[in-house]
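Dear colleague,

I am passing on the structure below, together with some notes on its cavities and its aromatic pairs. Please read the notes with the coordinates open beside you.

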Amino acid sequence: DLHSFPTRRSSDLHIEIPVQNHTARVGLDFFPNKRTIWGFVLNGSFTKLTRSNNNKSIVIDNAKQPKSKFITDTKEKGRFRNMVGNVNFKHTFDSTGKEITADADYGVFNTRNVSNFITGFYSLANSPIEPEYRLNGDQQGKISLATVKADYVHPLKNGAKIEAGFKTSFVETDNDVVFYDVSNGAPEYDSSKSNHFIYKENNHALYINFNKEWKKWSLMAGLRAEQTNIKGDQLTSNLDFDSSYLQIFPSVFLNYKVSAEKTIGISISRRIDRPNYSQLNPFRFFLDPSTYSSGNPGLRPQLTWSYELSYTLKQVNFTLGYSHTKQNFTVVIRPSEDEEKVTVQIPVNLATYDYYGLTVSAPFRFTKWWNSINNLNVFYGHYNGNLANTQLDNGTPAVNASTNNNFTLGKGWSSELNVNVNSGGQYGFMIMEPQWQLSVGVQKTILKNKGTVRFNITDIFWTGLPKAVVEFSNYVEHWHAQRDTRVANLSFTYRFGRNTVAAARRRTTASEEERRRAGN
């Protein structure tokens, strides 16, 4: 049976993704008087990629012996056309810092992915044992967003100030996923893989912050309220959902300056993290007939209470933290709920995630020519959830460490050496193995310091390769990836014109969060 894919197999996947990317940004500022600025910014990008997959799988019988094999070749062409416009305003009332700012954004993000997917089934002697399986896909998506926000700063006496503002955003995504089985020559619509999903999200937010500094103490307290309305429609299955909720997000940050070089701080905050639109997108990307990745239209935001105690001694900062997250979203590799003997990589919500950790940030200047920034995070993460008939109630201790070193060698020469170490550990239903990377670089300024030649190599020993084990009650997968993390770059930059020309204003706009969620 063509669709009776194996439960035991060993796979070798090779992927090549050439990418062409073009970006443009144009802006204009108008100053009607000394205290007022009107601005306009237009950002655009066009990306074209071709993805070539070759996946070879060996079918293994119950005695763990090779039985047969199947080979999948995939060709995909993707295009991304993005455009975002922004109009902004700023007015400063007086010299005390009283000001108002406002932004309005509108953006459109278009995606199209066309794929051709062929799988051949063979004996160990390379003789065909089943007809080829051919699948063609045409996946089109569009994201439209409109946002408006305004912020007001009002200074008070004795170093205090109040900040208040609002933001409104409207987002609509329309993703149409169509697949045709062309194994018999004529295309046949595949309803099990096709989907048409429309998602609408409307957020209204109000916030107010109070800041105050004393001789030894400093305080920042804030309150943010968000009203969210969500509506989703899966047109192919006539399924829809409608949700509306109001959430309150308080935050308090209190610091005490023990001395000129010692500070103690405490903070309590609640936040919301919404999934990216690609994580909600039901687009499917196949490795072979039994393995694909997909978004999850039913993915919900995660909500986190965070508590931190910090101590700063000179430049070294120690932070002891705990956080509790509900509806924690994580990416899992699991058996499909809809198709037998099919594996899917998909983002899901778990019940809770508890984090306990100590973070140390230690910048040092060992000499005039050696500057080092070092970070250490020792933590324990505990996951709780139930998925694919498997209860998860577990966690492991882990360590992440990095050191970034810059060396000034004189006569325009400088170099850097960076090391990152990750001990691995629990990530949802996945146990990650340790990995580390070492990267180096050197640069030289030339042409009266207007030109710079840089050369750097990342992951010199090719050790930053992820490996993991995924285990459910009826499914176990061991996987590792050999990616091109060892990359050498040689670049030359040259600054034209006068150094006295004012640089363009760099500022956030009304749609920063929405653009991040759109992947732009």
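Strands, as the word is used here, are DSSP runs of at least two residues, numbered from the N terminus, and the model to which they belong is a predicted one.

With that in hand, strand S4 (66-92), strand S5 (99-122), strand S6 (128-155) and strand S13 (284-288) each supply at least two residues of the lining of the second largest cavity, and S13 gives the most, with three residues. This cavity has a volume of about 50 Å³, and its lining divides into five nonpolar, three polar and two charged residues. Among the lining residues are Phe-117, Phe-179 and Phe-286, which ring pairs also link with Tyr-133 and Tyr-292 into a cluster.

The search of the whole structure finds two cavities of 30 Å³ or more, and the largest has a volume of about 80 Å³. Its lining, which includes Lys-167, Arg-224, Glu-226 and Arg-274, consists of one nonpolar, three polar and six charged residues, and the largest share, three residues, comes from S9.

As for the aromatic pairs, the count comes to 26. The rings of Trp-436 and Phe-461 have their centres 5.9 Å apart and their planes at 35 degrees, so this pair is tilted, the angle being neither under 30 degrees nor over 60. The pair links distant parts of the chain, 25 residues apart, with Trp-436 in strand S25 (residues 435-446) and Phe-461 in the loop between strand S26 (451-458) and strand S27 (467-472). Tyr-494 and Phe-496, by contrast, form an edge-to-face pair, 4.8 Å centre to centre with 75 degrees between the planes.

Best regards

Key: Residues are numbered from 1 along each chain as its sequence is written. This is a predicted model: local features need pLDDT of at least 70, side-chain atom pairs count only at pLDDT 80 or more; totals for chains, interfaces and linings use all residues. Side-chain values use heavy atoms; hydrogens and water are left out. Rings of Phe, Tyr and Trp (its six-membered ring) pair if their centres lie within 6.5 Å; planes under 30 degrees apart count as stacked, over 60 as edge-to-face and the rest as tilted. Helices (H or I, at least four residues) and strands (E, at least two) are DSSP runs, numbered from the N terminus. On a 1 Å grid over the protein atoms alone, a cavity is a set of points where a 1.4 Å probe fits but cannot get out, and a pocket is an open set with protein on both sides within 12 Å along at least five of seven lines; lining residues have an atom within 4 Å of a point. Grid points are joined across faces, edges and corners, and a volume is the space filled by probe spheres set on the points. Ala, Val, Leu, Ile, Met, Phe, Trp, Tyr, Cys and Pro count as nonpolar, Asp, Glu, Lys and Arg as charged, and the others, Gly among them, as polar.
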